[in-house]
Amino acid sequence: MAWRFEGGRPVAAAVLGGAAAVALAWSVAAALVAGFDAREWSQLAAQPQLVPALWLSLITGVCAFGLALAGTAVILAASHHSAGWLRLLRRLPAMLALPHAAFAIGFLLLMAPSGWLVRVGVALLSPFNQWLGMAMDSPPSWQSAQDPWGLGLIAVLTCKEIPFLLWAAVAQLGRADLARKLKMELQVAQSLGYSPRSAWWRVVWPQLLPRLQAPLLAVWVYSMTVVDVALLVGPTTPAPMAVLVWQWLQDPDPERNAMGAAGAWLLTATVGVLALLLPALQGLWRRWAQEKWTRGVAPVHWGVMRTTRSPTPVLPWLLSWIYAAVALALLMGSVMGAWLFPDLWPQGWTIQAWQAVVQSADVVWATLALGASSSVAALLWCVVWLEYAPPLWQQRLQGLWYLPLLLPTVLWTLGLHQATLAWGIDGTATGVWLAHSLCVLPYVLLTLQGPYGDFDPRLRFVSASLGRSQAAYLWYVKWPLLRAPLASATAVGFAVSVAQYVPTLYVGAGRFATVNTEAVALAAGGQRSLMAAFAVLVWTLPAWVFGLAAVAGRARRFRPRQTLQ
Amino acid sequence: MANNPSPHLLAIELHRLRTPAGVLIADLSLNVPGGAVHTVMGPSGSGKSSLLAAVCGTLDAGLNFDGTVVLNGTRIDALPTHQRKVGLLLQDDLLFAHMTVLENLLFAVPSGPQAARRARALQALSEVELQAFADADPATLSGGQRARVALARALLAEPLALMLDEPFSKLDEPLRQRMRELVFGAVAARGIAAILVSHDRADVADVQRLTVLN
């Protein structure tokens, strides 16, 4: 097909692309300069916490990554091409809408020694107290939330990353060309005598896994380098490497800041080197699985296969319940009054926390303003870029736009902070807006790229052949037809902005607070209800925007035909 | 803009149509008077669609058109697509899914008082016997009905030339015959110069106006 519309406005794309490229490249270069001083590296090497912190990051990162990948595979195997698939698709947005920090706070409320889960356990065991010879009237002394092994951190990251990987997999499996091909191949495999699940592991999974490279890389980087979630549920002595770096970067002592910069680079190098091993690990898995299959042995343990065969697959069900429990804990936590242990329910309910939130309305407004302005800016940028940048530019510069997603937040924010210092906008609203916009950009681009790429270009030719200009085509045809992805991209951008912790505090020099930074800050104190109330806002503000996006992106309802007759 | 002395409404002088792989079409001259349908046939990849794209100004960036296209005495090959007055009907009807049937037609009549635009669009719909479907969702129409709406929409823009890229190929035979009559009738009645790309011999309106590309 030779149809293509000549034209476009590459100048607009060059201006916007150039501006973003300068900001990103400057940030990376500034981080590079900040991190390469021999003295700060020797200071870093002399830090006694360095090795344990790095080791802890490795353990928690690898475990969370591995468990999230395995969980995603098992859930997909259980649900894909089954009655549970639509159920899973329906639940995914709700799970994705719960941000990491809010989930971690809900998890904290559930899992803490005086948390709901322990109280439920005590209530369930109470009939047997006499028989057991014990009665629990005070919270246990174990560290169930900020445990020294990082189990809580691993659990939170695993639960949060599974829906993200599922979403990425659903996007791939929903592509018409791939879906058709896989369906036919599954039918062929079943006709050769393989059960549906066995055929899935042999046919779909090996083809799906390489397509998940980018989201897997994002999960890997995030799991190794997350700060806010680690501050909430991660170990403290030692803290994971990213938290340690963050503490050094915030220190008033410039020498410790410099050590933080070196630490950020060390973390990045560790993450990068291990990320390079991912394709090799995939290759090993493929060869190993191939060898097993040729010998007629299932590479996945038959117990896992059986789990995925059960009519109500355990893992999707468990994940849904965990999310429901976390959400309930957040809501309940925000209105709980005094709550003596081991009572299952608080002695009373109070809206004091919400009254305090109303008094801090400026924080909510700041969150809304930052979220709206940065997501709209990123949306406009992405639309201009996708609309007008020549395909070669889009292909060549794609990696640059994803830097904020792929680089550890501490490193990327360090560079951006240096850049804003150089431009004289550090500690200003403009600086924080820029930081948020650049963080939001890759997510919005990721959300829009598919729908833009799949959009039928012939509609443009038809529109032009009807005598209508490019502007009329965009305004009346293309953008209305793309309103659902445009609306959801804005909502995704808003949610990403609300979740920004390190960039808000670091580039804003601590002068700007959002609901997320407030919730994380409150976790260190004793105001549990207020912390839960802010966490509810971290969760519900993006949820509201997602709701609005769903309404705005709803397909048009035409009048029923009967009325026309 | 150079004036062309050709008596034909649409005159194409194609020296070379090149792809990165080589020359697709060379030394082709096509002259189409108003009201006539010139058919272009040939195997897949012979450049039929590219020829239409060159006339419309929607040629792929990898393709290079060396030649002239003159419509009604005006050279149009350097003009943007929306200024060429060249209509387009493709294999798929490509109705805008978010607009009603009437709104699809109104899109082709951008200027003038609302009532007059609406009257023109309704008139065009009645010409293809679909006035009862003005407020319908295009997705609820049959293939034949959608093809008729697409034709009505293309004609409403008052094109001087019409590029028809296998517009009947997806229709059943009885519907195909009806659409042929409708399209050829409209072309003749309005004095439009049309080029039809087809694989079907039955689409050839006039054997004197047939080009076969190799």
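Okay, let's start inside chain A, with helix H13, residues 241-250. Eight of its ten residues are buried, so H13 of chain A is largely enclosed by the rest of the structure. Before I go on, keep in mind that this is a predicted model.

Which residues of H13(A) are buried? You can click through them: Met241(A), Ala242(A), Val243(A), Leu244(A) and Val245(A) come in a row, and then there are Trp246(A), Trp248(A) and Leu249(A).

Now let's look at a helix pair in chain A. Helix H3, residues 50-79, packs against helix H11, residues 213-225, both in chain A. The angle is about 145 degrees, and the axes are 8 Å apart. If you want the handedness, the crossing of H3(A) and H11(A) is right-handed.

So who meets whom? On the H3(A) side we have Ser57(A), Gly61(A), Ala64(A), Phe65(A), Ala68(A) and Leu69(A). Facing them from H11(A) are Leu216(A), Val219(A), Trp220(A), Ser223(A) and Met224(A). Have a look at the spacing of those numbers and hold on to this thought: an α-helix has 3.6 residues a turn, so residues three or four places apart point the same way. What classes of residue make up the contact of H3(A) with H11(A)? Eight are nonpolar, three are polar, and no charged residue takes part.

Let's zoom out to the domains. Chain A is assigned a domain 1, made of 8-36 plus 351-558, and a domain 2, made of 53-239 plus 302-349. Their C-alpha centres lie 26 Å apart. Where they touch, domain 1 of chain A brings 30 residues and domain 2 of chain A brings 26.

Which helix gives the largest share of the domain 1 side? That's H28(A), with twelve residues. H28 spans 528-552, and other helices of chain A giving two or more residues to this side include H17 (352-359), H21 (409-423) and H25 (483-498). By class, the domain 1 side that touches domain 2 in chain A has 25 nonpolar, four polar and one charged residues.

Next, the contact between the chains. Chain A puts in 28 residues and chain B puts in 33. On the chain A side, helix H23 (458-465) and helix H24 (470-481) each supply at least two residues. H23(A) gives the most, with six. The chain A side of this contact holds 16 nonpolar, five polar and seven charged residues.

Last stop, chain B. Here four strands make an open sheet, in the order S2-S1-S4-S5, with antiparallel pairing. Why do S2 (22-32) and S5 (74-75) of chain B each have one side without a neighbour in the sheet? They stand at the edges, each with a single partner strand, so there is no neighbour on the other side.

Take S1(B) and S2(B). Nine bridges join them, and they run antiparallel. They form a hairpin with two residues between them, and you can spot Arg16(B) opposite Ala26(B) in S2(B). Over at S5(B), two bridges join that strand to S4(B), residues 64-71. There, Val70(B) has Arg75(B) in S5(B) as its bridge partner.

And one helix to finish: H1 of chain B, residues 48-56, lies across S1, S2 and S4 of chain B. Relative to S1(B), H1(B) runs at about 120 degrees. That's my tour, thanks for listening!

How values were computed: Residues numbered from 1 in each chain as written. Chains lettered and ligands numbered in written order. Predicted model: local features only at pLDDT ≥ 70, side-chain atom pairs only at ≥ 80, totals over all residues. Contact = placed C-beta atoms within 7 Å. Nonpolar A, V, L, I, M, F, W, Y, C, P; charged D, E, K, R; others polar. Axes fitted to C-alpha atoms, helices over the stretch in contact; angles between N-to-C directions. Left-handed = near helix turned anticlockwise from the far one by under 90°. Pairing = 2+ DSSP bridges. Domains from an automatic or database assignment. Buried ≥ 20, exposed ≤ 12 C-beta atoms within 10 Å, placed from the backbone.
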